[in-house]
Amino acid sequence: MIEAIVIGGLAVIGACAALGLRVINQVERGIVFRFGRALPGVRQPGLAVIVPVMDRLRKVNIQVVTMPIPAQEGITRDNVTVRVDAVVYFRVEDPMKALIEVQHYRYAVEQVALTSLRSIIGKSELDDLLSNREQLHRGLELLIDSPALGWGVHIDRVEIKDVQLPEAMKRSMSRQAEAERERRARIITADGEYQAAQKLADASGIMAGTPGALQLRLLQTVVEVAAEKNSTLVMPFPVEMLRFFERAAGALSGTEPAAAQARPAPAEATPAEATPAEATPAEPAPGERKPAEVEAKPATTTLAELFPSLQRDHPHPTS
């Protein structure tokens, strides 16, 4: 009888001891509540012993939590409607505060992140949301971390994932980018032409001071053209030779024929012979012969007179 009682007592003690044993993982911390009151101190990872019925153990995960923030629609400071989503990285630093100071700390952090994201959207411009995100990340981190410190939660990082723009705004930004690229291309082309003009001006000044340089450049151009194995070779024609032919043609056209130069000039009428009315030729007396009329034939000059050698080399019948 006594042995049965002893065995029963040991069994009860063993059951109670089994009920009072808890295992805390490495990524967790334990808080013991005795009759609803938190005991001081945080239970570390390993085997923890509590009093059955009297104590209750709560475990808190201290790993970094990745919490996505749903996309929020807002109006930026320059009146552009956008949808922005983000992600928050946080972890529990004080398990006691995380369990006592706030109810459902994960939900609380999510709501603070939503309101902070809307606030950042309203205070920022569209260009900042697209290009200057580092500053926005720091601002979001400060907005979320301020209330979270009282809950024993530390915000490690806040990142904006995506910024969704209206289609009209996307088209406007595309046109703006194209115009900017075209402006840069024109500036670069103009700058290249300006530098080339400066170099050509310097080269022309050097060639003007050294006449032989122009001839050397001409010969170099001929060599470059001949290297292409073309059947036709283009040679520059000197302008001075064209001017020589021009002067020769002008001198030839201004020369008068020798017969015209030899013809005497008609005598001018004296004032005594001039009459107010035109004089009519007098009729010859009967029996008198009329003076012979002299026909004035214009002096003409043929090609044979100008170029005798042409007539000798190429004879042809005359009409």
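Modeller: In this predicted model, helices and strands are DSSP runs, a strand needing at least two residues, and they are numbered from the N terminus. With that in mind, Thr76 can be placed in the loop between β6 (65–75) and β7.

Biologist: Why is Thr76 called buried or exposed, whichever word applies?

Modeller: Buried means a relative accessible area under 20%, and Thr76 has a value of 3%, so Thr76 is called buried.

Biologist: Which residues does Thr76 touch, not counting those up to four places away in sequence?

Modeller: With contact taken as heavy atoms within 4.5 Å, Thr76 touches Val82, Ile121, Gly122, Ser124, Glu125, Leu126 and Leu129.

Biologist: What makes Ser119 count as buried, partly exposed or exposed?

Modeller: Ser119 lies in helix α3, and its relative accessibility is 27%. The partly exposed class runs between 20% and 50%, so Ser119 counts as partly exposed. Ser119 and Leu140 are 21 residues apart in sequence, and their C-alpha atoms lie 9.0 Å apart in space.

Biologist: Why are α3 and α5 described with the word that is used for their orientation to each other?

Modeller: Two packed helices are described by the angle between their axes and the distance between the axes. Helix α3 (residues 105–123) and helix α5 (residues 133–148) pack at about 140°, and their axes are 9 Å apart. Roughly antiparallel requires an angle over 145 degrees, and roughly perpendicular requires 65 to 115; the angle of about 140° meets neither cut-off, and α3 and α5 are therefore oblique to each other. The crossing in which α3 passes α5 is right-handed.

Biologist: Which residues of α3 and α5 meet?

Modeller: From α3 come Val112, Ala113, Ser116, Leu117 and Ile120, and from α5 come Leu136, Gly139, Leu140, Leu143, Ile144 and Pro147. The residues of this contact divide into nine nonpolar, two polar and no charged.

Biologist: How do you know which elements of the protein chain have the lowest and the highest mean pLDDT?

Modeller: Since pLDDT is the predictor's confidence in each residue, from 0 to 100, the mean values can be set against that scale. Helix α9 (residues 258–262) has the lowest mean among the elements, at 44, whereas strand β7 (residues 81–92) has the highest, at 91. Over the protein chain the mean is 76, and 71% of the residues reach 70 or more.

Biologist: Over which residues does pLDDT stay under 50 with zero contacts beyond four places in sequence?

Modeller: That is the case for residues 264–282. Residues 309–314 are also below 50, but this stretch has two contacts in the model beyond near neighbours in sequence.

Definitions and conventions
Residues are numbered from 1 along each chain as its sequence is written. This is a predicted model: local features need pLDDT of at least 70, side-chain atom pairs count only at pLDDT 80 or more; totals for chains, interfaces and linings use all residues. Side-chain values use heavy atoms; hydrogens and water are left out. Axes are lines fitted to C-alpha atoms, for helices over the stretch in contact, and angles run from 0 to 180 degrees between N-to-C directions. Helices (H or I, at least four residues) and strands (E, at least two) are DSSP runs, numbered from the N terminus. Angles under 35 degrees count as roughly parallel, over 145 as roughly antiparallel, 65 to 115 as roughly perpendicular and the rest as oblique. A crossing is left-handed if the near helix is turned anticlockwise from the far one by less than a right angle, and right-handed if clockwise. Ala, Val, Leu, Ile, Met, Phe, Trp, Tyr, Cys and Pro count as nonpolar, Asp, Glu, Lys and Arg as charged, and the others, Gly among them, as polar. Buried means under 20% relative accessible area, exposed over 50%, partly exposed in between (1.4 Å probe, protein chains only).
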